[in-house]
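Me: I would like to learn how to read surface patches and burial in a model. Could you walk me through it?

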Amino acid sequence: MAQKKTTLEDLARMVQGGFAEVHDKMDRGFAEVNEELTVIRTDIRNIKATLEDWSDLPVRVGVLERRVGVEK
């Protein structure tokens, strides 16, 4: 059985195909990371908004404690 000799063009096609495959995998991976970061950013904004809503909580609790006579 005669073996076909690999030419420089054959090697170039193989390398190009390998790079294309890696490029596609990286694009998909980066897209997934970007989606996850978007979710994380949204969660952080929601947490900050909630914390801002509660920023006056110590004052409000203090007022209620004074009204019911709780001493610190």
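**Reading patches and burial**

Reply: Gladly! Keep in mind that this is a predicted model. Let's begin with charge: on the surface, Glu-32, Glu-35, Glu-36 and Asp-43 come together as a patch of negative charge.

Me: Where is Glu-36 found, and is Glu-36 buried or exposed?

Reply: Glu-36 belongs to helix 1. For the second part, the general idea is that under 20% relative accessible area is buried, over 50% is exposed, and values in between are partly exposed. Glu-36 has a relative accessible area of 47%, so it is partly exposed.

Me: Which residues form the nonpolar patch on the surface?

Reply: Here the general idea is to look for nonpolar side chains joined within 5 Å, each residue having over 30% relative accessible area. In this model the patch consists of Ile-47, Leu-51, Trp-54, Leu-57 and Val-61, which together have about 500 Å² of accessible area.

Me: Which helices supply at least two residues each to that patch?

Reply: Helix 1 (8-53) and helix 2 (57-68) do. Take Leu-57 as an example: Leu-57 lies in helix 2, and Leu-57 counts as partly exposed because its relative accessibility is 39%.

Me: And what about Asp-10: buried or exposed?

Reply: Asp-10 sits in helix 1. Its relative accessible area is 13%, so Asp-10 is buried.

Me: Which residues does Asp-10 touch, not counting those up to four places away in sequence?

Reply: With those sequence neighbours set aside, Asp-10 touches Lys-4 and Lys-5.

How values were computed:
Residues are numbered from 1 along each chain as its sequence is written. This is a predicted model: local features need pLDDT of at least 70, side-chain atom pairs count only at pLDDT 80 or more; totals for chains, interfaces and linings use all residues. Side-chain values use heavy atoms; hydrogens and water are left out. Patches are made of residues with over 30% relative accessible area and no salt bridge: like charges are joined within 9 Å, nonpolar side chains (Val, Leu, Ile, Met, Phe, Trp, Tyr) within 5 Å. Accessible areas come from the Shrake-Rupley method with a 1.4 Å probe; for residues, only the protein chains shown count as cover. A salt bridge is a side-chain nitrogen of Lys or Arg within 4 Å of a carboxyl oxygen of Asp or Glu. Helices (H or I, at least four residues) and strands (E, at least two) are DSSP runs, numbered from the N terminus. Buried means under 20% relative accessible area, exposed over 50%, partly exposed in between (1.4 Å probe, protein chains only). Lys and Arg count as positive and Asp and Glu as negative; His and the chain ends are not counted. The place of a charge is taken as NZ of Lys, CZ of Arg, CG of Asp or CD of Glu. Contact means heavy atoms within 4.5 Å.
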